[in-house]
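Trainee: I'd like to learn how to read a structure feature by feature. Could you walk me through one?

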Amino acid sequence: MSEQSNVDYQALIAAEGAAWGNAARSLAAKWRPDWQDMRHMRHYAIQDGRYLEKLFALVQPGWRVLDIGCSSGVISLEMARRGAHVEGIDVSAEALKIAQDYAAEHPPRGSLQYRLADVNCDPLPESYYDLIVALGVLHHLTDVRAALERIHTALKPNGLLYVSDFLETPTVNALIVGAFTLLLPAEISYRDKIRHLLRLRTRAIERMKASMETRGFSPFEGSGRHQNSLEAVHERFHVEWVHIHNAFVRPVTANLAMPERLAVLIGRLLLPFDELAVRLRLLQGLCYKLLARRA
Ligand SMILES: C[S@@+](CC[C@H](N)C(=O)[O-])C[C@H]1O[C@@H](n2cnc3c(N)ncnc32)[C@H](O)[C@@H]1O
């Protein structure tokens, strides 16, 4: 990397950290950074929580675990409560401070360390971790394959990689989410929804995809999305299981402006239809979870 592009990259990664710091701060104003509280949040309560419980059940006391993009440490802390020695890394100093302060007040059974690090370029120790966790972070990376190579080297032989991430958004999914968003109460009024729709016409689908993928939220939001991280993991790791799921419920419920419990109820009512559509291959899931092993 030239000196100028390195300067540019450092500015962008600082902006990425700042954006996620803001997100972590506003989340912490509503929810304690603790799984016991956060598991009631809509996207965990509707579906993702069950995958995280699967992850927690894997964790063994004494394991060395790395949580990449740990944010305010909710998942790191829960894994350390299972007796693991967890390191959480992130590019957001503000999110890490929230994590550190909370862990200091609620020390876990295992150990917990947080540090500011960039998985795009900072070194990782070799053959060191029993488990590496990457939740919602691969789609932010500049070079997913290079990062996976270093993650691979950082795992002990037979060490485990747990990933939760997103796939590209097919147009039909965006149309379905758009239709639900028109019908159900969202932050934006019904009048404004119709006005936007008429004004945007053909661009409406692109806008809907961008909003579902939260493009523009931070400089690297979605930069790794087109690199097909799922395929990249398959190329380098032995995949034990993979679940592709959630064709529309997650983005629909994310947009709902209503009390959390009601949003969870609507999500749970819609989920069986979503699951059936994915199972029958009528719709493509937008999310995936996988467990892989160092090959
Ligand atoms: C979508 S959030 C996911 C947070 C958490 N893992 C979760 O599941 O709730 C993505 C996190 O990855 C972090 N991140 C983005 N790029 C990163 C990088 N290059 N190295 C380390 N962390 C990064 C962000 O600061 C943010 O906290």
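Mentor: Sure, let's start with residue classes: Ala, Val, Leu, Ile, Met, Phe, Trp, Tyr, Cys and Pro count as nonpolar, Asp, Glu, Lys and Arg as charged, and the others, Gly among them, as polar. Keep in mind that this is a predicted model, where local features need pLDDT of at least 70, side-chain atom pairs count only at pLDDT 80 or more, and totals for chains, interfaces and linings use all residues. Residues are numbered from 1 along each chain as its sequence is written.

Trainee: Okay, how many residues of each class does the shell around the ligand have?

Mentor: Eleven are nonpolar, seven polar and three charged. A residue is near a molecule if its C-beta atom, placed from the backbone, lies within 6 Å of it. Here 21 residues surround the ligand, and the closest are Trp 20, Gly 69, Ser 71, Leu 135 and Gly 136. The elements giving two or more residues to that shell are helix H1 (3-30) and strand E2 (85-90).

Trainee: What do those labels stand for, and which element gives the most to the shell?

Mentor: Helices (H or I, at least four residues) and strands (E, at least two) are DSSP runs, numbered from the N terminus. H1 gives the most, with three residues.

Trainee: What is the span of H1 from its first C-alpha to its last?

Mentor: The expected span of a helix is 1.5 Å times one less than its number of residues. H1 has 28 residues and reaches 41 Å, close to the 40 Å expected.

Trainee: And which residues of H1 are buried?

Mentor: Call a residue buried if 20 or more other C-beta atoms lie within 10 Å of its own, exposed if 12 or fewer, and partly exposed in between, with C-beta atoms placed from the backbone. In H1, the buried ones are Ile 13, Glu 16, Gly 17, Trp 20, Gly 21 and Ala 24.

Trainee: Why is strand E1 described as largely enclosed?

Mentor: Five of the five residues of E1 (residues 64-68) are buried, so the rest of the structure largely encloses it. Look at both faces: Arg 64, Leu 66 and Ile 68 on one side, and Val 65 and Asp 67 on the other, are all buried.

Trainee: Which strands does E1 pair with?

Mentor: Two strands pair if DSSP finds at least two bridges between them. Five bridges join E1 to E2, running parallel, and Ile 68 stands opposite Ile 89 in E2. E1 also pairs with strand E4 (residues 129-135) in the parallel sense, over four bridges. There, Asp 67 has Val 133 as its bridge partner.

Trainee: What does E4 do on from there, with E5?

Mentor: Six bridges join E4 to E5, again in parallel, with Ala 134 opposite Val 163. Strand E5 (residues 155-166) has nine of its twelve residues buried, so it too is largely enclosed. E5 then pairs with strand E7 (residues 287-294) in the antiparallel sense over seven bridges, and Asp 165 stands opposite Tyr 288.

Trainee: Last one: what should I look for in backbone angles?

Mentor: Most residues other than glycine have a negative phi. Ser 71 has a phi near 50°, a positive value, and sits in the loop between E1 and helix H4 (residues 74-81). Asn 228 also has a positive phi, of about 45°.

Trainee: Are Ser 71 and Asn 228 buried or partly exposed?

Mentor: Ser 71 is buried, with 26 other C-beta atoms within 10 Å, whereas Asn 228 is partly exposed, with 15.

Key
A crossover is right-handed if, with the strands pointing away from the viewer, the path from the first strand over the helix to the second runs clockwise.
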